[in-house]
Amino acid sequence: MVVETIPLFGPIPGGMELAVILLIAVLLFGANKIPKLARSTGEAMGEFKKGRQEVETELREMQESDTTTETKNDTAVEADADV
């Protein structure tokens, strides 16, 4: 089975397109603000990743607790059937 991923915003820009984007960013924000913007973007991405991992952990724990509850209920039903 082959899984094909479809890009969300079309194809990834190449070298020339990235150069134009960088030039526009420098003209809009100025050369001094670009590192600050990059740093804040990186921090935001880190926070997003941390939050996503916390949610995934909580979901995994909920699934595990549901599985153990179902197992306990199945065992109790079998014990009642034996009596």
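Author: Helices here are DSSP runs of H or I with at least four residues, numbered from the N terminus. Please keep in mind that this is a predicted model.

Reader: Thanks! How many helices and how many strands does the protein chain have?

Author: Let's start with the strands: the count for the protein chain is zero. Helix 1 covers residues 15–29, and helix 2 covers residues 34–82. The tally for the protein chain is therefore zero strands, by the DSSP runs, and the number of helices is two.

Reader: What share of the 83 residues is buried?

Author: To count as buried, a residue must have under 20% relative accessible area. The accessible surface of the protein chain comes to about 8,000 Å², with 64% of it belonging to carbon and sulfur atoms. Of the 83 residues, the buried share is 0%.

Reader: Which helix gives the most to the nonpolar surface patch?

Author: The patch spans about 600 Å² and is made by Met16, Val20, Ile24, Leu28, Phe29 and Leu37. One of its members, Phe29, lies in helix 1 and is partly exposed because its relative accessibility is 45%. With five residues in the patch, the top contributor is helix 1.

Reader: How far apart are the end C-alpha atoms of residues 12–31?

Author: An unreviewed UniProt entry annotates residues 12–31 as "transmembrane region", and such annotations may be inferred rather than shown by experiment. In the model, this stretch is 75% helix and 0% strand. Its end C-alpha atoms are separated by 24 Å.

Reader: Which residue forms a salt bridge with Glu56?

Author: Side chains of opposite charge can pair when their charged atoms come close. A search of the whole structure turns up one salt bridge, and its closest N and O atoms are 3.7 Å apart. The two residues sit four apart in helix 2, so about one helical turn separates them. The partner of Glu56 is Arg52.

Reader: Are Glu56 and Arg52 buried or partly exposed?

Author: Partly exposed residues fall between the 20% and 50% limits of relative accessible area. Glu56 has 37% relative accessibility, and Arg52 has a relative accessible area of 41%. Because both values fall between those limits, Glu56 and Arg52 are partly exposed.

Reader: What relative accessible area does Glu54 have?

Author: Glu54 belongs to helix 2. It gathers with Glu43, Glu47, Glu58, Glu61 and Glu64 in a surface patch of negative charge. Patch members need over 30% relative accessible area. Glu54 counts as partly exposed because its relative accessible area is 44%.

Note on methods:
Residues numbered from 1 in each chain as written. Predicted model: local features only at pLDDT ≥ 70, side-chain atom pairs only at ≥ 80, totals over all residues. Heavy atoms only, no water. Patch = residues over 30% accessible without salt bridge, like charges linked within 9 Å, V, L, I, M, F, W, Y side chains within 5 Å. Areas by Shrake-Rupley, 256 points an atom, 1.4 Å probe, with all protein chains shown as cover. Salt bridge = Lys/Arg side-chain N within 4 Å of Asp/Glu carboxyl O. Lys, Arg positive; Asp, Glu negative; His and termini not counted. Charge placed at Lys NZ, Arg CZ, Asp CG, Glu CD. Buried < 20%, exposed > 50% of the residue type's maximum accessible area, 1.4 Å probe, protein only.
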